[in-house]
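Thank you all for making the time today. I would like to walk you through one structure, residue by residue, and I will put it up on the screen now.

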Amino acid sequence: MTSKAERTYTISQLAREFEVTPRALRFYEDKGLLTPRRDGMNRVYSHRDRAKLQLILRGKRVGLSLIEIKEILDLYKVDQRAQAQTALKKYQQRIVALEAQREDVDAAIEILHDSVAKLERFLAKPATPAAMGAARAFEAEAKKRLEDAH
């Protein structure tokens, strides 16, 4: 029986499992993030490569750059404690950045809600005869331009 640590995967198996393309896996290999062994022309991924891929995709999902991800992965070979400290620091930095983005998004949503409410109140009022005339003139001009364009 094959132990979990001895299990191997093909590029297709990992691509399917993690919903990425084989091209993405080759890209991560080109960047030095994954290092599958070769069996002839085939790439053979280990359980460790699979775990690295999970970390790569998690890092990308939270906005880490490939350079930052590689730095974390490379530390595993040297010192797992240093790897954990580096990952912790980078994760904390991302939390701060994402919380700031969330505040910006929340503020933008609030502004849009206010603007929508004001526009709905404005449009709920009956249009003045002058506004109706201007709207008809605008519509006629737009129609004329469309006809001239064809």
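Let me begin with a question: which side chain meets that of Glu29 in a salt bridge? Before I answer, please keep in mind that this is a predicted model, and that everything I say describes that model.

The partner is Arg43, and the distance in that salt bridge, taken from N to O, is 2.4 Å. Glu29 lies in helix 2, whereas Arg43 belongs to strand 3, which covers residues 42–46, so the pair ties together parts that are 14 residues apart in sequence. If you want to find helix 2 on the screen, look at residues 22–30. Glu29 is also buried, with a relative accessible area of 17%, which falls under the 20% limit for that word.

Glu29 has further company, since its side chain makes a polar contact with the side chain of Arg38, at 3.3 Å. When we set aside the neighbours within four places in sequence, the residues in contact with Glu29 are Leu34, Pro36, Arg38, Arg43 and Tyr45.

Let me turn to pairs inside a single helix. By the rule used here, the model has eight salt bridges, and I will show two more of them. Glu141 and Arg145 meet through their side chains in a salt bridge of 3.1 Å, N to O. Both are in helix 6, residues 129–149, and because they are four residues apart there, about one helical turn separates them. Arg145 is exposed, at a relative accessible area of 58%, while Glu141, at 37%, counts as partly exposed. Coming back to the earlier group, salt bridges that share partners join Glu29, Arg38 and Arg43 into one network.

The other pair is Lys77 with Asp74, whose side chains form a salt bridge at 3.9 Å, N to O. These two residues lie in helix 4, residues 66–78, and they are three residues apart, again about one turn of the helix. Here Lys77 is exposed, with a relative accessible area of 61%, and Asp74 is partly exposed, with 28%.

Now consider a charged residue without such a partner. Lys52, in helix 3, which spans residues 47–61, is buried and yet has no salt bridge. How far away is the nearest side chain of opposite charge? That side chain is Asp49, at 4.9 Å, and because a salt bridge requires a distance within 4 Å, the pair does not count. Apart from neighbours within four places in sequence, Lys52 is in contact with Leu33, Leu34, Thr35 and Leu73.

Two features remain, and I will start with the backbone. Most residues other than glycine have a negative phi. Glu19, however, is not a glycine and still has a positive phi of about 55 degrees. You will find Glu19 in the loop between helix 1, residues 11–18, and helix 2, and Glu19 is exposed, with a relative accessible area of 74%.

Finally, please look at the surface, where Leu119, Phe122 and Leu123 form a nonpolar patch whose accessible area comes to about 370 Å² together. One of these residues, Phe122, lies in helix 5, residues 80–124, and is exposed, with a relative accessible area of 56%.

That is the tour I had prepared, and I am happy to go back to any of these places on the screen.

Technical notes. Residues are numbered from 1 along each chain as its sequence is written. This is a predicted model: local features need pLDDT of at least 70, side-chain atom pairs count only at pLDDT 80 or more; totals for chains, interfaces and linings use all residues. Side-chain values use heavy atoms; hydrogens and water are left out. Buried means under 20% relative accessible area, exposed over 50%, partly exposed in between (1.4 Å probe, protein chains only). Lys and Arg count as positive and Asp and Glu as negative; His and the chain ends are not counted. Contact means heavy atoms within 4.5 Å. Patches are made of residues with over 30% relative accessible area and no salt bridge: like charges are joined within 9 Å, nonpolar side chains (Val, Leu, Ile, Met, Phe, Trp, Tyr) within 5 Å. Accessible areas come from the Shrake-Rupley method with a 1.4 Å probe; for residues, only the protein chains shown count as cover. A polar contact is a pair of N or O atoms within 3.5 Å; within protein, one must be able to donate a hydrogen and the other to accept it, and residues adjacent in sequence count only if both atoms are side-chain atoms.
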